Every structure is written in structure tokens, then in C-alpha cells.
Amino acid sequence: AQPTGDGRLKLVHWPGLGGLLIENVRLLDEDGVEQTLFAHGRRMTVEVQFRAHQAGAYPALPALTVYRRSDGVCCTQFVGKSEVLNMAAGEMARACLHLGPLELGNDTYVLATSLFRKLDPMQIEQAERYDTIDRSVQFKVFGREPYRRGVFQHPGEWVLVREVPGLSKSA
């Protein structure tokens, strides 16, 4: 995706079924302020704004994938639940993904987001998508300890156990 005059990336659409079209994607901090720089451990909301081009009942399922910008590695995915939206022509709606404390590492990421009519997670049936914005929204995560260089920090806890010779755990 190419940058626009304000430093944002131009939204790149993949052709889909039409009917619903993604018009904007915003990244919001805990206070609802739009930004692209997020501290590790803080919350983030992804807001996907879309418009119905025709009146109708639209089964809609939002999905989002986060990629590391430098090498395109898929870091995480989120698939919502399908809901039928009865919309008038030109009506706007939003899908909001609320992320808990960010566990991504210090890096730059891009995301792709889609609105599906039908999505089978087992990939047995062909997906039907209204629209996709591909890797056109960028954000950075900072503030994680420099030693932790992984893409994701999975929660876990080390326990050290001292073994004393001659003591047995069995009775």
C-alpha cells in the first residue's frame, strides 16, 4: 500500500461480492483517540466503518489479521460472529474489535480486515466476502523490554524447584 499525503497508507480493496464496502479503518486507544503508536500492555480498538450500497439484509461476519510489516509473518487473527444487518441504501455501520492488553512485541504491524457473508473456519466451504482491506492500516507497538524479541509474548510463569538429596516426595 502506498502512503497518502497525511502519512497513512492508501486503503487497498480486494474485489468481493459488493453490497457492503469498507470505507475506513481506525485504530483507537483506551480513550477512543485515533492513533498509530501503542504501548505494549495497553488496550487498542480497531473500528471498521462500512456502508451498504443497496438496501437489504446482510449476514455480516468481521475478520482481522495482523501481520508483521517487515516480513509479512501472520501474528494473530480474530474472527467475529455472524449477524444479519438490515440496512438501507447508503447506511453506515461499524464493527469494533476491542483488544485486551497488547502482547505484541516492539515492531511495526499492518492489518487486513474483511467483511464476510459466509466464512467456514474449517475451509470446507468457499468463503464469500463482501470486501477486504489488505495490509493498508499500519501501527507500531513500543515499550516492551528489549530482551523480549518475539512477535508475541504468551502469558506464562517459570517456577524454580530446588531438589534436596535424600528427600522423597512419595510417602
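**A walk through the predicted model**

Let's start at the largest pocket: its lining draws at least two residues from each of β5 (56-68), β6 (74-79), β9 (107-118) and β10 (128-142). Those strand labels come from DSSP runs numbered from the N terminus (E, at least two residues, for a strand; H or I, at least four, for a helix). The largest pocket holds about 490 Å³ of space, and of its 22 lining residues, Thr65, Gln77, Ser114, Phe116 and Leu119 come closest to its centre. A pocket here is an open set of points on a 1 Å grid over the protein atoms alone, where a 1.4 Å probe fits, with protein on both sides within 12 Å along at least five of seven lines; lining residues have an atom within 4 Å of a point. The volume is the space filled by probe spheres set on the points, with grid points joined across faces, edges and corners.

Before going further, a word on what you're looking at. This is a predicted model, in which local features need pLDDT of at least 70 and side-chain atom pairs count only at pLDDT 80 or more, while totals for chains, interfaces and linings use all residues. Residues are numbered from 1 along each chain as its sequence is written, and side-chain values use heavy atoms, with hydrogens and water left out. As for pLDDT, that's the predictor's confidence in each residue, from 0 to 100. The chain averages 89, and 92% of its residues reach 70 or more. Among the elements, strand β7 (residues 83-87) has the highest mean at 97, and strand β1 (residues 13-14) the lowest at 84.

Now for the sheet. Three strands line up in the order β2-β4-β8, forming an open sheet with antiparallel pairing. β2 (20-28) and β8 (92-99) each have a single partner strand, so one side of each is left without a neighbour in the sheet. From one strand to the next, the twist averages 20°, taken between N-to-C directions of lines fitted to C-alpha atoms, on a scale from 0 to 180 degrees. Eight bridges join β2 to strand β4 (residues 44-52); two strands count as paired if DSSP finds at least two bridges between them. If you want a spot to zoom in on, Arg26 stands opposite Glu47 in β4.

Over in strand β8 you'll find Met92, which is partly exposed at 37% relative accessibility. (Buried means under 20% relative accessible area, exposed over 50%, partly exposed in between, with a 1.4 Å probe and protein chains only.) Met92 and Ala52 are 40 residues apart in sequence, yet their C-alpha atoms are 6.6 Å apart in space. Leu64, in strand β5, is buried, with a relative accessible area of 5%.

Next, a bit of backbone. Most residues other than glycine have a negative phi. Gln123 has a positive one, near 60°; this residue sits in the loop between β9 and β10 and is exposed at 69%. Arg135 also has a positive phi, near 45°, but lies in strand β10 and is partly exposed at 33%.

Finally, the cysteines. How many disulfides does a search of the whole structure find? Zero, where a disulfide is a pair of cysteine sulfur atoms within 2.5 Å. Cys74 shows why: the closest cysteine sulfur, in Cys75, is 6.8 Å from its own, too far for a bond. Cys74 is partly exposed at 40% relative accessibility, and Cys96 is partly exposed at 38%.
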